[in-house]
Amino acid sequence: MSTPTFTKSGNKATTSAKLNKDIFDVEVKSHSLLKQAYIAYQANGRKNLAKTLKRGEVSGGGKKPWKQKGTGRARFGSIRVPIWRGGGIVFGPLGKENYSKTLTVKSKKQAIKQALSLKQEKIIVLETFECKDGKTAETVKVLNKIGANRKTLLVVSNKDELVLRATKNVKDLKVVNAMYLNVFDILNADHIVISQKSLEIIDGWLGASEHTSASKEEAKK
C-alpha cells in the first residue's frame with residue numbers, strides 16, 4: 001500500500017511512499033488491547049503527588065484534652081484522633097503508591113500497529129524533515145502546505161536540539177522519536193506526519209518480530 005509523499009519544502013513528490021501492510025493495515029477486531037495500552041501510557045506518566053498525614057504525623061495533640069472521668073464526655077487521649085476534625089487520616093494516600101501498568105513488548109507493538117492502522121488515512125510522509133536554522137516559521141509553512149493544520153503528531157528519526165527549537169512553539173504539534181511512538185499520541189492526533197527515515201525505523205522496529213519468526217521457520221525447513 002502507498003501514501004502521498006511530500007518534499008522537505010512541502011511540495012508533492014513524484015513518488016509515493018510504500019507502507020508495510022503488516023504495520024499500517026492490521027485488522028482491528030477489538031479495541032480492548034488499544035484501551036489497555038492507552039490507559040497504561042496515562043498511568044505510567046501519572047505523578048504521585050497525593051499524600052495525607054496519619055495520626056502520628058499530625059502536629060499537636062500531645063496533651064489529653066480532658067480528664068478520663070467525671071466530665072460526662074467520651075474518653076479521648078488526643079485531639080488528633082481520626083474521628084476529630086483536623087486529626088489524622090485513616091487509609092489515605094501515602095505518596096508511595098505505584099500506579100504504573102505493564103504490557104508485554106509484543107502487546108505494545110501490536111497495539112501501536114492497530115492504532116496506526118486506524119489512523120491510516122491520516123498519515124502523511126515527508127521525504128525528510130530538516131531544521132537547519134531551527135525556525136518555527138519554516139515548520140509552520142511546511143505543515144500548512146501538506147495540510148497538517150490541526151492537531152499533528154510529527155514522527156522524526158532524531159529529536160535533536162534544532163528539531164525541538166523549530167517545533168516547540170508550534171500550536172497543536174507534538175514531536176516524537178520514531179522509537180518512542182505510542183498509542184496515546186497516535187490516537188489523539190488528527191494528522192500523523194512521518195519522515196521517510198522514520199518510516200524505515202518503524203518498519204524495522206515493529207516488523208522485527210515477524211521477520212525474525214519467518215527467518216526461524218525458513219531455517220527449520
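This report describes the overall form, the sheet and several individual residues of a predicted model.

## Overall form

The chain contains 8 helices and 7 strands. Its radius of gyration is 27 Å, well over the 17 Å that the globule rule gives for 221 residues, so the chain is more spread out than a compact globule. Taken along the principal axes, the box filled by the C-alpha atoms is roughly 95 × 55 × 25 Å.

Of the 221 residues, 35% are buried. Where contacts join residues at least 6 apart in sequence, 70% of them link residues at least 24 apart.

## Surface and charge

The exposed area of the chain is about 14300 Å², and carbon and sulfur atoms supply 50% of that area. The side chains include 42 positive and 20 negative ones. The centres of these two sets are 17 Å apart.

## The parallel sheet

Five-stranded and open, the sheet has the strand order 2-4-7-5-6 with parallel pairing. Strand 2 (5-6) and strand 6 (173-177) stand at the edges, and each has a single partner strand, so one side of each is left without a neighbour in the sheet. Strands of a sheet pair through backbone hydrogen bonds, either parallel or antiparallel.

Strand 4 (residues 123-126) and strand 7 (residues 191-195) run parallel and are joined by 4 bridges. Within this pairing, Ile124 has Val193 as its bridge partner, and Leu126 has Ser195. Strand 4 also runs parallel to strand 2, with 2 bridges between them; here the bridge partner of Phe6 is Leu126. Leu126 is thus a bridge partner of Phe6 in strand 2 and of Ser195 in strand 7.

In a regular strand the side chains alternate between the two faces of the sheet. Strand 4 is covered on both faces: Ile123 and Val125 are buried on one side, and Ile124 and Leu126 are buried on the other.

## Two buried residues

Thr152 belongs to strand 5 (residues 152-156). Its relative accessibility is 4%, under the 20% cut-off, and therefore Thr152 counts as buried. Beyond its neighbours within four places in sequence, Thr152 is in contact with Leu143, Asp172, Leu173, Lys174, His191 and Val193. One of these contacts, Val193, is the bridge partner of Ile124.

Leu19 lies in the loop between strand 3 (17-18) and helix 1 (21-24). Leu19 likewise counts as buried, because its relative accessibility is 4%. When residues up to four places away in sequence are not counted, Leu19 touches Met1, Ser2, Thr3, Phe24 and Leu199. Ser30 is 11 residues from Leu19 along the chain, and the C-alpha atoms of the two are separated by 23 Å.

## Residues with positive phi

Most residues other than glycine have a negative phi, and most peptide bonds are trans. Phe91 has a positive phi near 60° and is not a glycine. Phe91 is located in the loop between helix 2 (32-44) and helix 3 (105-118). At 84% relative accessibility, over the 50% cut-off, Phe91 counts as exposed.

Asp172, also a residue other than glycine, has a positive phi of about 60°. Asp172 sits in the loop between helix 5 (161-167) and strand 6. Because its relative accessibility is 43%, Asp172 counts as partly exposed. Asp172 is also among the contacts of the buried Thr152.

Methods:
Residues numbered from 1 in each chain as written. Predicted model: local features only at pLDDT ≥ 70, side-chain atom pairs only at ≥ 80, totals over all residues. Heavy atoms only, no water. Rg over C-alpha atoms; globule rule 2.2 N^0.38 Å. Buried < 20%, exposed > 50% of the residue type's maximum accessible area, 1.4 Å probe, protein only. Contact = heavy atoms within 4.5 Å. Areas by Shrake-Rupley, 256 points an atom, 1.4 Å probe, with all protein chains shown as cover. Lys, Arg positive; Asp, Glu negative; His and termini not counted. Charge placed at Lys NZ, Arg CZ, Asp CG, Glu CD. Pairing = 2+ DSSP bridges.
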